Amino acid sequence: GTAYGCTLKVTAGGTHTGTYPASVDWAAATAPTLTATASAVDWLVFSTVDGGTTWYGFVSAQALG
């Protein structure tokens with residue numbers, strides 16, 4: 001298959017939630033709770049090996065800064 005990857009940096013500005021497409025497969029089928037602390041940074045990593053049909057989502061780091 002065709003593999004791709006991307007990294008997403010999320011900087012908190014207060015309480016917010018992330019919404020992800022159904023094609024994202026998270027560990028235990030549960031998307032992470034994003035950090036709500038102002039200016040905190042979360043890093044999310046996504047990869048696919050089937051051209052984008054399924055994306056595997058991972059938390060690389062949370063509550064940095």
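**Legends: the whole protein and a look around Thr48**

**View 1. The whole protein, strand by strand.** This protein has four strands and zero helices. Keep in mind that what you're looking at is a predicted model. Starting from the N terminus, the elements simply go β-β-β-β. Along its principal axes, the C-alpha trace spans about 40 × 20 × 15 Å.

**View 2. Surface and contacts across the protein.** The accessible surface adds up to about 4100 Å², and carbon and sulfur atoms hold 56% of that. Of the 65 residues in the protein, 23% are buried. Take the contacts with a separation of 6 or more: 57% of those join residues that sit 24 or more positions apart.

**View 3. Thr48 in its strand.** Thr48 belongs to strand 3, which covers residues 41-48. Is Thr48 buried or exposed? Its relative accessibility is just 1%, so Thr48 counts as buried, the cut-off for buried being under 20%.

**View 4. Polar partners of the Thr48 side chain.** Zoom in on the side chain and you'll find two backbone atoms to look at. One is the backbone oxygen of Thr54, which the Thr48 side chain reaches at 2.7 Å. The other is the backbone nitrogen of Gly52, 3.0 Å from a polar atom of the Thr48 side chain.

**View 5. Who else touches Thr48?** Which residues does Thr48 contact once its neighbours within four places in sequence are set aside? The list takes in Thr2, Ala3 and Tyr4, along with Thr53, Thr54 and Trp55. Thr54 turns up here as a contact and also supplies the backbone oxygen that the Thr48 side chain reaches.

Key
Residues numbered from 1 in each chain as written. Predicted model: local features only at pLDDT ≥ 70, side-chain atom pairs only at ≥ 80, totals over all residues. Heavy atoms only, no water. Helix = DSSP H or I, 4+ residues; strand = E, 2+ residues; numbered from the N terminus. Buried < 20%, exposed > 50% of the residue type's maximum accessible area, 1.4 Å probe, protein only. Polar contact = N/O pair within 3.5 Å; in protein donor to acceptor, adjacent residues only side chain to side chain. Contact = heavy atoms within 4.5 Å. Areas by Shrake-Rupley, 256 points an atom, 1.4 Å probe, with all protein chains shown as cover.
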